[in-house]
Amino acid sequence: MEPISCTVLVLGGGPAGYVCAIRAGQLGLDTVLVESGRLGGTCLNVGCVPSKALIHAAGEFETAKRFAAGNSIGVRAAEPRIDLAATMAWKDGIVSRLNGGVFGLLRRAKVKVVSGVGHLRDGKTCVVESDTGRQVITAEHVVIATGSEAVPLPSLPFGGPVISSTEGLALESVPEHLAVIGGGYIGLELGTAYRKLGAEVTIIEAQDRLLPQYDAELTRPVMTRIRKLGIKVHLKATALGLHSSGALKVLPEDGNEIRLSADKILVTVGRRARLDGFGLEELDLTMNGRALEIDDQCRTSMRNVWAIGDVTGEPMLEHRAVAQGEMVAEIIAGQRRAFDKVTIPAVCFTDPEIVVAGLSPDEARATGQQVKVGSFPLIANARAMTLESEEGFVRIVARADNHVLLGVQAVGQGVSELSGAFALALEMGARLEDVAATVHVHPTLSEGFREAALAALGHALHI
Amino acid sequence: MAERVIKLPDVGEGVAEAEIVELHVKPGDLVREGDVLAAVMTDKATVEIPSPAEGRVLRIAFEVGQKAAVGAELMSLEVGEAAAKPIQRGQGQHVQQPRDVEEMAAAAAIAAERLHEEPVGKGSPRAPEARPAVRALETLTIAKPADRPLAAPAVRAFARDHGVDLRFVRGSGPAGRIQREDVEAYMTRADQAASPASGLVANTAVEEIKIIGLRRKIAQRMQDTKRRIPHFSYIEEVDVTDLEALRSDVNATKKPGRPRLTVLPFLMRALAMALRQYPQMNARYDDETDMLYRHGGAHVGVAVQTPNGLMVTVVKHAEARTIWECASEVQRLSEAARSGSATREELTGSTITITSLGALGGIASTPIINAPEVAIIGVNKIAMRPVWRGSAFEPRKIMNLSSSFDHRIIDGWEAAEFIQHLRSLLETPAKIFMET
């Protein structure tokens with residue numbers, strides 16, 4: 001095939017890559033996107049989007065069960081059934097629609113999409129092995145956006161009953177007993193969903209608590225809910241591997257090995273940058289641990305070779321990847337940009353949800369400054385009461401001297417939608433007084449944000 | 001065991017190749033991760049190449065003094081399987097940009113300025129370890145937002161678009177928050193910063209001019225000439241009092257229709273005579289074939305300033321022209337050059353060149369040889385100077401000759417003799433018209 005020559009070559013069609021390509025196309029740069037699988041990457045195909053669909057379905061099913069069991073709000077219904085195949089088909093429909101949407105956006109931005117496995121020959125040339133043959137692409141700028149992959153456990157390699165989140169989002173039936181190795185947010189989200197769909201769920205976590213990257217106060221409502229749902233948790237426990245009987249060998253804290261007969265074992269011990277299979281070794285780029293090292297403009301150690309998204313390491317979040325992709329396209333187009341975000345907020349779609357933006361109280365204190373912390377429990381929020389979700393709180397961290405917000409966190413049902421307000425306040429450099437003086441709608445959960453600011457200022461109204 | 005190839009990394013902005021200046025290892029050496037393997041020099045800096053892994057040096061592709069292109073294989077190591085891939089590299093190879101250091105210094109200055117209004121957290125903004133977004137492994141948040149200048153995203157973008165570093169801008173908003181107006185005020189102040197009292201404003205404009213056409217040709221030739229030819233210059237003063245007296249007399253009594261004589265035709269004639277005795281000065285040197293072509297005819301190049309730049313017109317066979325013919329030929333050629341109608345013939349083939357800036361000639365210059373010639377005579381301005389004439393100072397008209405020679409062909413002694421001969425001809429102008 002005729003070699004293609006372009007200005008920008010984006011390797012990887014996930015959120016980082018496709019957004020970078022769209023923005024580059026919008027800016028009039030001659031852009032080619034190489035993707036070996038489906039557009040949209042982990043997030044759209046096997047991550048955020050399908051998991052949220054599954055979590056929603058599981059939540060609805062659990063609500064219906066509660067209706068059947070009798071409840072205080074007066075809704076009566078018959079015992080529900082789950083048709084997981086139909087749920088998966090519905091989920092796949094959403095994914096397909098979004099896939100098509102991405103393709104349309106790329107086409108509208110005049111981005112050429114090449115399907116196939118790209119292999120970098122050097123910092124300017126990519127060879128794509130596609131169904132229709134070998135395609136050589138040369139580019140002035142190469143953007144590496146190859147994403148991340150699930151980290152396997154040496155003792156429990158993927159295959160058979162041992163699955164990653166990808167397979168966990170495409171089960172044909174609800175497993176009888178699901179063992180989840182790793183109590184991070186992915187394990188908790190999927191574990192909780194399958195528990196609600198009727199599976200017996202056991203979580204094995206090596207550290208002394210679940211969601212160890214969040215503070216205990218923030219995760220407490222999630223722990224309460226997990227206990228209530230009947231999910232078994234083994235902390236400070238190690239998964240040793242499979243016994244010949246097929247059972248999962250676990251070494252709990254007390255040292256007496258136990259065997260769990262789980263029909264699916266979901267390993268969610270983390271994700272790592274995808275560095276293999278696309279010729280990275282030809283470039284010999286400087287690494288930052290196991291990820292590509294980048295500067296605040298997403299430049300790698302080789303000129304005009306850029307890296308964005310999960311391949312650049314933590315935090316591996318879609319919205320960070322998108323912001324990086326957009327920025328890199330603009331820099332290539334000659335604009336002055338740098339990654340100067342105050343915060344990359346994060347949400348756990350656990351039950352209840354957790355939002356973090358900026359610094360937690362301990363992180364803020366660790367920077368050596370005096371801080372003020374204000375917290376407002378949702379039990380005192382009218383909207384939370386009417387939603388039967390009184391667990392949780394909104395918490396604000398601010399500098400003691402000038403009241404500038406350093407962080408906002410919340411836990412509670414539906415609080416994920418507050419993340420935008422939290423991030424906006426941090427980016428704008430808001431002070432406690434700004435949040436307190438903003439009129440928030442009653443009755444909404446967002447009032448908790450204002451009340452937390454008032455609490456930090458020492459005059460909360462409703463507690 | 002596996003082989004690990006070490007390539008020349010991209011050592012800096014715009015650098016396509018680097019010279020290997022040091023090799024710290026030889027084939028067979030055992031190296032640890034981080035050991036310095038080699039040092040390479042670009043036109044900007046010397047950069048050390050550390051070993052990315054522990055292993056044994058198998059081969060080295062370059063010797064000290066050789067140049068390597070970015071991405072070329074420098075050497076290869078025999079390493080353990082785990083280290084075969086370029087992963088888990090130390091920081092060493094990353095060429096630290098000086099920016100961080102400057103930033104830290106700048107940050108310290110700002111911190112001092114801000115002290116009176118708000119305490120600044122420990123550490124400087126964007127100290128290298130901050131590198132937000134990248135390093136915040138556990139927390140999923142960016143470290144130390146409080147240490148950054150407080151400004152909304154739109155204000156940050158506005159500042160960046162205008163090249164303003166927000167750490168230098170004082171915020172007028174609550175808690176020192178920087179508003180767009182603060183950035184605009186800072187920009188106005190920065191414009192006037194050169195001398196606030198005098199009203200003088202620093203002009204930071206930079207005009208981009210593409211060097212094309214004749215200017216580019218001149219640039220290339222000058223660069224090539226000055227680089228290839230080892231020049232030496234020789235400056236001597238010539239007493240032209242008598243020559244000037246002769247010249248003004250001739251000009252006052254010349255026949256109508258004849259050109260007004262400048263010093264140039266006299267110099268040309270004197271040169272033609274001197275060259276008979278010093279034929280080695282009247283030559284073209286082809287340094288690629290090591291051939292020197294000595295010419296019988298004195299084809300004198302005369303540098304002419306045209307609107308587009310410098311051109312050299314050629315008076316062919318000056319030795320066969322009278323002083324009047326020399327003068328009219330110079331005049332004709334310079335008019336042709338200025339109007340752009342000079343032919344290729346009239347602009348090539350000189351064997352020695354005279355360059356003069358006339359009244360702007362200064363007291364001395366170091367002319368660049370008109371390659372492939374081997375000598376160029378520079379004429380400086382004539383000035384009345386006191387000259388010791390045995391018993392008293394007398395006012396004399398003095399003109400300096402600043403000449404350059406190709407030292408590959410011309411020795412200093414010869415050049416000095418040649419110029420002294422030329423001087424004696426010019427100081428006693430009757431000699432110019434005498435056959436010896």
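These legends walk through several close-up views of a predicted model.

**View 1. Chain A and chain B, side by side.** Here is a quick orientation before we zoom in. Chain A holds 14 helices and 24 strands, while chain B holds nine helices and 16 strands. In chain A, buried residues make up 52% of the 463 residues; in chain B, 32% of the 436 residues count as buried. Consider also the contacts between residues at least 6 apart in sequence: in chain A, 66% of them join residues at least 24 apart. The corresponding figure for chain B is 60%.

**View 2. Helix α1 of chain A beside helix α4 of chain A.** Two packed helices are described by the angle between their axes and the distance between the axes. For α1(A), residues 15-26, and α4(A), residues 84-108, the axes come within 8 Å and cross at roughly 30°. That angle makes α1(A) roughly parallel to α4(A). The crossing of α1(A) past α4(A) is left-handed. Look for A:Tyr18, A:Ala21 and A:Ile22 on the α1(A) side, meeting A:Val102, A:Leu105 and A:Leu106 on the α4(A) side. The residues of this contact divide into six nonpolar, no polar and no charged.

**View 3. Helix α1 of chain A beside helix α9 of chain A.** Staying with α1(A), we now turn to its contact with α9(A). The two axes come within 7 Å and cross at roughly 30°, and α1(A) and α9(A) are therefore roughly parallel to each other. In this pair, α1(A) passes α9(A) in a right-handed crossing. From α1(A), the contact includes A:Pro15, A:Val19, A:Cys20 and A:Arg23. From α9(A), the participants include A:Glu318, A:Ala321, A:Val322, A:Val328 and A:Ile332. By type, the residues of the contact of α1(A) with α9(A) divide into 10 nonpolar, three polar and four charged.

**View 4. Helix α3 of chain A beside helix α4 of chain A.** Back at α4(A), the partner is now α3(A), residues 48-69. Their axes come within 9 Å and cross at roughly 145°, and α3(A) passes α4(A) in a right-handed crossing. On α3(A), you can pick out A:Val49, A:Pro50, A:Ala53, A:Leu54 and A:Ala57; facing them in the contact are A:Thr87, A:Lys91, A:Ile94, A:Val95 and A:Leu98 of α4(A). The residues of the contact of α3(A) with α4(A) divide into eight nonpolar, one polar and one charged.

**View 5. A:Val342 in its loop.** A:Val342 sits in the loop between α9 (318-332) and β20 (346-348) of chain A. Is this loop residue, A:Val342, buried or exposed? A:Val342 counts as buried, because it has 27 C-beta neighbours inside 10 Å, and 20 or more are needed for that label. A:Ala357 is worth finding too: A:Val342 and A:Ala357 are 15 residues apart in sequence, and their C-alpha atoms are 9.2 Å apart in space.

**View 6. Helix α4 of chain B.** We finish in the other chain, with α4(B), residues 213-228. How far should the 16 residues of this helix span at 1.5 Å a residue? The expected span is 22 Å, and the end C-alpha atoms of α4(B) are 22 Å apart, which agrees. Of those 16 residues, the number buried is zero, so α4(B) lies largely in the open.

How values were computed:
Residues are numbered from 1 along each chain as its sequence is written. Chains are lettered from A and ligands numbered from 1 in the order in which they are written. This is a predicted model: local features need pLDDT of at least 70, side-chain atom pairs count only at pLDDT 80 or more; totals for chains, interfaces and linings use all residues. Axes are lines fitted to C-alpha atoms, for helices over the stretch in contact, and angles run from 0 to 180 degrees between N-to-C directions. Helices (H or I, at least four residues) and strands (E, at least two) are DSSP runs, numbered from the N terminus. Angles under 35 degrees count as roughly parallel, over 145 as roughly antiparallel, 65 to 115 as roughly perpendicular and the rest as oblique. A crossing is left-handed if the near helix is turned anticlockwise from the far one by less than a right angle, and right-handed if clockwise. Two residues are in contact if their C-beta atoms, placed from the backbone, lie within 7 Å. Ala, Val, Leu, Ile, Met, Phe, Trp, Tyr, Cys and Pro count as nonpolar, Asp, Glu, Lys and Arg as charged, and the others, Gly among them, as polar. The expected span of a helix is 1.5 Å times one less than its number of residues. A residue is buried if 20 or more other C-beta atoms lie within 10 Å of its own, exposed if 12 or fewer, and partly exposed in between; C-beta atoms are placed from the backbone.
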